[in-house]
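Visitor: I'm new to this one. Can you walk me through it?
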Amino acid sequence: MQRSELPEQMEGGKEYHRFRIEPKPAPHVYPIPNKFDVSARKLRLAAMLVHEAFEYRLNKEVVLSRPCIYGVFGGHFGGFKPLKQKCVGCMRCVQEYPHIMTVKQSDRYKRLGDSFWTPENVYTVWNEASTGKILVKGMGYKGAFAGEGFDGMWTDMSEIVRPTRDGVYGREYISTTVDIGRKPTSIDVAKIDDQPKSLAIPVPIIFDELPIGTDKPDVRTAVKLAAEKIGTFNITRDTRPSKSRVSSLLPIIDEDDIAANEKNQPRIVEFDALRPDFLEELLSCLDQSIFIGRLPLRENSASIASELARQGVHGLHFYADYHGRDYSKDPRHVSAALKHVHQRLVQDGLRDQITIIASGGITLAEHVPKAIICGADLVAIDTTVLVALQAEFNGEARDRANHHLRPRRINPEWGAQRLVNLIGVWHDQLIEILSAMGMRDVRRLRGDIGRSMMDEELREQSFKGIAWAT
Amino acid sequence: MGNLELIVEKHTERIHHGLEALPTLRHGVPEGLGNKRWTGELILATYEQALTGEIPENGLEYKTGNSGGGFDVLGWKSHAGVAKVDEDSVDLSISLNKRHEGRRIEIPLPIYGGGMSFGSISLNFMIARARAARKLKTYTSTGEGGYPDQIVPYRDHVITQVATGMFGVREETIQYAPIVEFKYAQGAKPGLGGHLLADKVTSEVAKMRESSMFTSLYSPFPFHSVYSVEDHKKHVDWIKTVNPRALVSVKVSTPTDVDMVAIGSYYAGANIIHIDGGYGGTGAAPEIAKKNIAMPVEYAIPKVHEYLLSEGVRDEITLMASGGIRTADDVAKAIALGADGCVIGTAEAVAVGCTHCGNCERGRGCQVGITTTDPELSQFIDPEWGEKRIVNLFNAWSKRLRMILAEFGLESIRDLRGRKDLLARYK
């Protein structure tokens, strides 16, 4: 097995370094909409000021002391021209002056994203890409009780199990390394040099190919740089042979690309898995590469996966659409479709031999452990990359060919840092989840459905005996 | 009076006026107020109950939120044909010690206050909660931030919390306590330990926690001395040695095996098993932890209750539930699902003006002085005023609880426990 080429390890020789992605601030380049819209009824505001001027005998400091601790009324014109970008929605101005003040979510904020990407999710990714820090907030959860797919799933926790934690990073080491490739099921000493190929990456996240038309040179460079810095891969249609075998590029190739790549074989390639004849050709020509078959999640994905695993594929990349729906006639959420594939491979005794990459609808940090629980080894992210780079939604972003995402012009270095921050903070959050579960290794999480809880199942168990309302 | 005092007085008066005016709906329900769990109407209904001590009668929704699940999709079965009992004769008291040995403690309503630490909330709010607990003859919990001297006069109504950070855990604070609560985990951040960000660690907070000023404090997880039920038993024995009269409560989160955790706590000698569901409140927690780890308390209660029943020990341990209990109806539903009573935190904060905006993690984050360590903002909560609001809220809740029980012909809240058959589901 090739070990991961982690930057720290390469620079530090053989010294041990705990893997960590260091964030650096990469503030938004394009202005983002205010979350809240604050406004005052101006006549009433003026009347109130006059009233308070009398009440406090023209004591300017008292009269002009503002009902906001965030400085919304700290501009020259106070409440007449509030500094809306400072509002956090605490509502104190409304509490103090309900007849004058109004605070609501801004229309521009409400228009962010599409029917899948909620404004809250867009904001979350922006914040993560900008700061690289886990969002820590007060009060409890504010959203819907549960929802479809990942939203109807909770991860388990353990009250007393190690790994222990002291502070954010002062905890026992938790590995987020995953293997890509085929794994031997037993060791044959006679064929020790002929082991199946696999390599390890330090985080279970890679960058998927970008939506058609968004793969601009600046964006492409940013993704490539970020993948290199993190030690992960980015899937690309750019099949020109790379100068170095340690490249972060993971090309999707077809027959025409084989000859050009034979000399400098990529470490991993993806290919169209719906053409099984092609696998044989690849296996014979690119004998140094790991082959990942790329295919859409459908009703028959499980049987195809089983067949391809038997034929010797090293891994499979199943993709759903950008809203996390598979391509079945009756579309399922990617979580359900993945479970089906995983369980079939387990039944057939093939699951441990191949790697499964899942993509489509992986837009928040919590989707990573949840997809892994459903059976993926690692995930690939797509629209999330563009959201982190402040691309604009001009309509729905349904899938690679059918989307209204418009990337902005960016500085590739800035873009790379945004993506490094994003993966860094997702890595930290993955560790939070693993730590809460008492797990030291993300590889143990794969397919461990018993360490998750589903809304529908719990509802039926716990509400058993409660009659339906009439 | 200096300008600073005048400014505090002005804004305190305005806030109080707003808390009275808003529930009248003269200005409608403010558009930006609330969220799916704590809707704007629910917040205003809580203000109203905290003001009057009565069930709102102006059409405000005071029973449920709009989260689309859990308590919000449970209602009450029709009680047509049931002989109603007199509301005034309904008994709301519960016992906090059901074992045959140890101190007998009963509380007159099935509610006590949850842990909110010094540092995560202001001292004034902490005192207001303690005063309210004394008035209501129930309890409030210190949380894990230590035991300020100003709380000592109320010690007969204060639960000392022993959490993984062990802040302020001293022999005398264990000896003060009628109940000692081990916090193994918290619903809002299961498996992660407490968070107090640097902003809030003022000199007073740092002194209490024996830490450095303005340095973030992340409590360890789990207890470094507890990796088994046997270890946990040693913890319980330790408390019983230091204070043999104290009851022991074990606060845990809601993993898949929460029923096993409960039975383990029982065998270790706990008097109270307190389950804190995944949607619980907090002064600060990673957003990812709030909605993704551990199950909501609505699902955990029946699981624990039914398992303790099947093990034949249900009547020897008190089951308290918390984590998203917002209303009297939520309390009653939790009890009908199998709890003995509920532990309340956020609703007390809403009673004194919280808008559930979620900015409590910052030093000057709380606009009305509840979850702050800022000396100026803290003054917005006068302990006496806060006490009155909390007492009023629970008086209103008591009335609603009596109403529910009376309609079903039940004379005691203890008779409601595990009566799922009185609930109706909408989803």
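Guide: One term before we start. Two strands count as paired if DSSP finds at least two bridges between them. Also, this is a predicted model.

Visitor: OK. In which sense do β20(A) and β15 of chain B pair, and over how many bridges?
Guide: They run parallel, over 2 bridges. Strand β15 of chain B covers residues 423-425.

Visitor: Which residue of β15(B) does Ala467(A) stand opposite?
Guide: Ala424(B).

Visitor: What order do the strands of that sheet have?
Guide: The order is β20(A)-β15(B)-β1(B). It is an open sheet of 3 strands, and the pairing is mixed.

Visitor: Why is one side of β20 of chain A left without a neighbour in the sheet?
Guide: Because β20 (467-468) stands at an edge, with a single partner strand. β1 (74-76) of chain B is placed likewise, at an edge with a single partner strand.

Visitor: What holds strands together in a sheet, in general?
Guide: Strands pair through backbone hydrogen bonds, either parallel or antiparallel.

Visitor: Which strand of chain B does β3 of chain A pair with?
Guide: β12, residues 285-286. β3 of chain A spans residues 136-137, and the two pair in the antiparallel sense over 2 bridges. There, Lys137(A) stands opposite Ala285(B).

Visitor: How many residues of each chain are in contact with the other?
Guide: 66 residues of chain A contact 92 residues of chain B. On the chain A side, helix α14 (residues 412-437) gives the most, with 6 residues.

Visitor: What classes of residue does that side of chain A have?
Guide: It has 35 nonpolar, 18 polar and 13 charged residues.

Visitor: New topic. How many residues does helix α6 of chain B have?
Guide: 14, from 229 to 242 as numbered. The helix reaches 20 Å from its first C-alpha to its last, close to the 20 Å expected at 1.5 Å a residue.

Visitor: Which residues in α6(B) are buried?
Guide: His232(B), His235(B) and Ile239(B) are. They cover an arc of only 50° around the axis, which puts them on the same side of α6(B).

Visitor: Why would residues three or four places apart point the same way?
Guide: An α-helix has 3.6 residues a turn, so they do.

Visitor: What do the buried residues of α6(B) pack against?
Guide: α4 (171-176), β7 (179-183), β10 (247-252) and α7 (258-268), in chain B.

Visitor: Which exposed residues does the face turned away carry?
Guide: Glu230(B), Lys234(B) and Thr241(B).

Visitor: Last one. What pLDDT does chain B average?
Guide: 95, and 100% of its residues score at least 70. The model scores ipTM 0.94 and pTM 0.94.

Notes
Residues numbered from 1 in each chain as written. Chains lettered and ligands numbered in written order. Predicted model: local features only at pLDDT ≥ 70, side-chain atom pairs only at ≥ 80, totals over all residues. Helix = DSSP H or I, 4+ residues; strand = E, 2+ residues; numbered from the N terminus. pLDDT = per-residue confidence, 0-100. Contact = placed C-beta atoms within 7 Å. Nonpolar A, V, L, I, M, F, W, Y, C, P; charged D, E, K, R; others polar. Expected span 1.5 Å × (residues − 1). Buried ≥ 20, exposed ≤ 12 C-beta atoms within 10 Å, placed from the backbone. Arc of directions from axis to C-beta.
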